[in-house]
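Work through the exercises below with the sequence and the coordinates open. Try each task before reading its solution.

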Amino acid sequence: MQRTGECLEEELNIITRDSWGAKQPRKRVSMITPVDYFIIHHSAGFLDNRACDNLLDCIEEVKDIQKEHMDNGYVDIGYHYLIGGDGSVFEGRGWQYEGAHAFSYYNNISIGVCLIGNFNGKKPTNKATTALSKLNTCLQRIGKLNLTHSVYGHRDVRQTECPGDKYYPTLKETFGASWHREYPPPEYWSECRVNEGKCQNDALDCEGEYKVRTTKIGILPFGLHALPFGTLLCPEHEEDNRIKCCIKRT
Ligand SMILES: [Zn+2]
């Protein structure tokens with residue numbers, strides 16, 4: 001089993017893409033590091049809330065998550081890293097490339113890590129949370145995550161249960177000063193896909209064709225809520241320009 005070797009100082013062996021049998025990405029976009037945000041997920045919702053507690057099962061989970069993401073239009077597995085219940089850490093996109101794991105505003109300015117399992121009804125294992133902390137420490141040490149970064153749960157940046165009702169409240173204690181160092185945006189944004197030139201549900205009208213965001217929006221001092229109302233962005237799938245979407249502040 002090959003390891004990336006970057007986090008040996010933290011005694012963390014990150015299992016490389018080749019070792020877990022990743023498919024080739026359809027596309028890759030380099031990410032500028034260090035980034036300012038570290039966003040935590042659980043994998044619930046994928047794969048009937050399956051979890052894993054040994055290396056072989058976790059490899060299967062990671063492969064299935066990649067398949068599910070790519071079948072849904074992502075160019076690769078969405079997360080930068082994934083962690084199993086046994087504490088195994090898997091290289092997803094890695095810090096080198098932009099992810100597709102949070103609201104689009106954050107995808108190119110954050111590292112997204114997914115703990116495998118559903119943590120609405122129970123907490124992740126100590127092995128998994130310890131590995132997550134070590135990964136966070138390592139990414140700072142190797143200069144990929146700013147020392148002044150903010151840690152968020154996925155639900156801080158969009159309307160979702162992720163990373164789980166039982167797990168989310170524990171993150172503050174785990175991450176201390178990094179947790180919400182920059183206060184998360186006060187409002188959620190919802191998105192919907194375009195249907196015959198109109199956004200579905202009660203989102204904004206969006207006449208005609210428009211391109212999915214391709215240029216980066218500058219990092220604004222107070223985050224998402226500084227974006228003008230009605231700004232068109234695409235959520236997780238933004239990298240796939242077959243999918244059009246529009247959003248509205250809720
Ligand atoms: Zn999530």
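The exercises go from the overall fold to the sheet, the aromatic rings and the zinc site.

This is a predicted model, in which local features need pLDDT of at least 70, side-chain atom pairs count only at pLDDT 80 or more, and totals for chains, interfaces and linings use all residues. Residues are numbered from 1 along each chain as its sequence is written, and side-chain values use heavy atoms, with hydrogens and water left out.

**Exercise 1. The chain as a whole**

Task: Describe the secondary structure of the protein chain and state what share of its residues is buried.

Solution.
- Step 1. Helices (H or I, at least four residues) and strands (E, at least two) are DSSP runs, numbered from the N terminus. On this basis the protein chain has 5 helices and 9 strands.
- Step 2. Along the sequence they follow the pattern β-α-β-α-β-β-α-β-α-β-α-β-β-β.
- Step 3. Buried means under 20% relative accessible area, exposed over 50%, and partly exposed in between (1.4 Å probe, protein chains only). Of the 250 residues in the protein chain, 53% are buried.
- Step 4. A contact means heavy atoms within 4.5 Å. Among contacts in the protein chain with a separation of 6 or more, 71% come from residues 24 or more positions apart.

**Exercise 2. The sheet**

Task: Give the strand order of the open sheet and find its edge strands.

Solution.
- Step 1. Two strands pair if DSSP finds at least two bridges between them. The order of the 6 strands is E1-E4-E3-E5-E2-E6, with mixed pairing.
- Step 2. Strand E1 (14–15) and strand E6 (145–153) are the edges, since each pairs on one side only.
- Step 3. E2 (residues 35–42) pairs with E6 in the parallel sense over 5 bridges, and Ile 39 stands opposite Tyr 152 of E6.
- Step 4. E2 also pairs with E5 in the parallel sense, over 6 bridges. Here Tyr 37 stands opposite Ser 110, and Ile 40 has Val 113 as its bridge partner.
- Step 5. E3 and E5 run parallel and are joined by 3 bridges; in E5, Val 113 is the bridge partner of Tyr 81.

**Exercise 3. What covers the sheet**

Task: Which helices lie on the sheet, and how many residues of E5 and E2 are buried?

Solution.
- Step 1. For the angles, axes are lines fitted to C-alpha atoms, for helices over the stretch in contact, and angles run from 0 to 180 degrees between N-to-C directions. Helix H2 (residues 55–71) lies across E1, strand E3 (81–83) and strand E4 (89–91), at about 35° to E4.
- Step 2. Helix H4 (residues 126–141) packs on the sheet and touches E1, E2, E3, E4, strand E5 (110–115) and E6, its direction making about 145° with that of E6.
- Step 3. In E5, 6 of its 6 residues are buried. Ser 110, Gly 112 and Cys 114 point one way from the strand, and Ile 111, Val 113 and Leu 115 the other way.
- Step 4. In E2, 7 of the 8 residues are buried, so the strand is largely enclosed by the rest of the structure.

**Exercise 4. Aromatic rings**

Task: Classify the ring pairs Tyr 37 with Tyr 106 and Phe 38 with Phe 175.

Solution.
- Step 1. Rings of Phe, Tyr and Trp (its six-membered ring) pair if their centres lie within 6.5 Å; planes under 30 degrees apart count as stacked, over 60 as edge-to-face and the rest as tilted. The whole structure holds 6 aromatic pairs.
- Step 2. Tyr 37 and Tyr 106 are 5.1 Å apart centre to centre with 85° between the planes, an edge-to-face pair. Tyr 37 is in strand E2 and Tyr 106 in helix H3 (residues 104–107), 69 residues apart. Both are buried.
- Step 3. The ring centres of Phe 38 and Phe 175 are 6.0 Å apart and the planes are at 55°, so this pair is tilted. Phe 38 lies in strand E2 and Phe 175 in helix H5 (residues 171–175), 137 residues apart.
- Step 4. Ring pairs also link Tyr 37, Tyr 106 and Tyr 152 into a cluster.

**Exercise 5. The zinc ion**

Task: What are the protein donors of the zinc ion, and where do the two His residues lie?

Solution.
- Step 1. Donors are N, O and S atoms within 2.8 Å of the metal (3.2 Å for Na, K and Ca); water is not among the atoms, so sites may look incomplete. The protein donors are His 41 (ND1), His 154 (ND1) and Cys 162 (SG), 2.0 to 2.3 Å from the zinc ion.
- Step 2. Their spacing in sequence is H-x112-H-x7-C.
- Step 3. His 41 is in strand E2 and His 154 in the loop between E6 and H5, so the pair ties together parts 113 residues apart in sequence. Both His 41 and His 154 are buried.
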